[in-house]
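Good morning, and thank you for the opportunity to present at this meeting. I would ask you to keep the sequence and the model in view while I speak.

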Amino acid sequence: QVQLVESGGGLVQAGGSLRLSCAASGRAPSRYAMGWFRQAPGKEREFVAAISWGSSSTPYADSVKGRFTISRDSAKNTVYLQMNSLKPEDTAVYYCALKGVIVARTPSNVANWYDYWGQGTQVTVSS
């Protein structure tokens, strides 16, 4: 079993920054992609960003391109989401997800592609 624990959420003013972290522990696959999704109240969970095994592919949602950056430290089994120029519409619970892979393909932006999920961390951006 794999456990994912997110951290770094909080309350920030519009225009501010936050860095989310997601640490994987337990029986993680030897190779895996990771992604970030978010869910605002009353809305469906939506894709934010993902990173392939080896970090060669990092797709982003159009709504966060140029503002958010995903990265990973494979030695620490941790993925990060640097969020800059935050907007009130970025307010949501942010979830990280993990998918075991065989090759370093472009990770999916579809939630049910991922095998494991964290519990989420709240990000609130005030106007």
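Tyrosine 114 is buried in this predicted model, with a relative accessible area of 5%. Its ring forms an aromatic pair with the ring of tryptophan 117. The centres of these two rings are 6.3 Å apart and the planes meet at 65°, an edge-to-face arrangement. Tryptophan 117, at 26% relative accessibility, counts as partly exposed, because buried means under 20% and exposed means over 50%.

How many aromatic pairs does the structure hold? There are six. A pair of aromatic rings is described by the distance of the centres and the angle of the planes. Phenylalanine 37 and phenylalanine 47 provide another case: their ring centres lie 5.6 Å apart with the planes at 75°, so this pair is edge-to-face. Phenylalanine 37 belongs to strand E4 and phenylalanine 47 to strand E5, so their pairing ties together parts that are 10 residues apart in sequence. Both residues are shielded from solvent by the criterion of burial: phenylalanine 37 is buried at 1% relative accessible area, and phenylalanine 47 counts as buried at 12%. Ring pairs link Phe37, Phe47, Trp113, Tyr114 and Trp117 into a cluster.Let us now turn to the strands that carry the two phenylalanines. Seven of the eight residues of strand E4, which spans residues 32–39, are buried, so E4 is largely enclosed by the rest of the structure. Which strands pair with E4? With strand E8, residues 92–100, E4 pairs in the antiparallel sense over eight bridges; glutamine 39, for instance, has valine 93 of E8 as its bridge partner. With strand E5, residues 46–51, E4 also runs antiparallel, and five bridges join the two. Here glycine 35 has alanine 50 of E5 as its bridge partner. E4 and E5 form a hairpin with six residues between them, and in the turn glycine 42 has a positive phi of about 75°.

A further sheet deserves attention. Four strands form an open sheet in the order E1-E3-E7-E6, with antiparallel pairing. Its edge strands are E1 (2–7) and E6 (68–73), each of which pairs on one side only. From one strand to the next, the twist averages 15°. Within this sheet, strand E3 (residues 18–26) and strand E7 (residues 78–83) run antiparallel and are joined by six bridges. The bridge partner of cysteine 22 in E7 is valine 79.

Cysteine 22 leads us to the next topic, the disulfide. A disulfide is a covalent bond between the sulfur atoms of two cysteines. A search of the whole structure finds one: cysteine 22 and cysteine 96 form it, with their sulfur atoms 1.9 Å apart. The link is right-handed, with 50° about the S-S bond. Because cysteine 22 lies in strand E3 and cysteine 96 in strand E8, the pair ties together parts that are 74 residues apart in sequence. Are these two cysteines buried or exposed? Both cysteine 22 and cysteine 96 are buried.

I close with threonine 121, which is placed in strand E10, residues 121–126. Threonine 121 is buried, with a relative accessible area of 11%. Its side chain reaches the backbone nitrogen of glycine 9 at 3.3 Å. Leaving aside neighbours within four places in sequence, the residues in contact with threonine 121 include Glu6, Gly9, Leu20 and Tyr94.

Definitions and conventions
Residues are numbered from 1 along each chain as its sequence is written. This is a predicted model: local features need pLDDT of at least 70, side-chain atom pairs count only at pLDDT 80 or more; totals for chains, interfaces and linings use all residues. Side-chain values use heavy atoms; hydrogens and water are left out. Buried means under 20% relative accessible area, exposed over 50%, partly exposed in between (1.4 Å probe, protein chains only). Two strands pair if DSSP finds at least two bridges between them. Axes are lines fitted to C-alpha atoms, for helices over the stretch in contact, and angles run from 0 to 180 degrees between N-to-C directions. A disulfide is a pair of cysteine sulfur atoms within 2.5 Å. A polar contact is a pair of N or O atoms within 3.5 Å; within protein, one must be able to donate a hydrogen and the other to accept it, and residues adjacent in sequence count only if both atoms are side-chain atoms. Contact means heavy atoms within 4.5 Å. Rings of Phe, Tyr and Trp (its six-membered ring) pair if their centres lie within 6.5 Å; planes under 30 degrees apart count as stacked, over 60 as edge-to-face and the rest as tilted.
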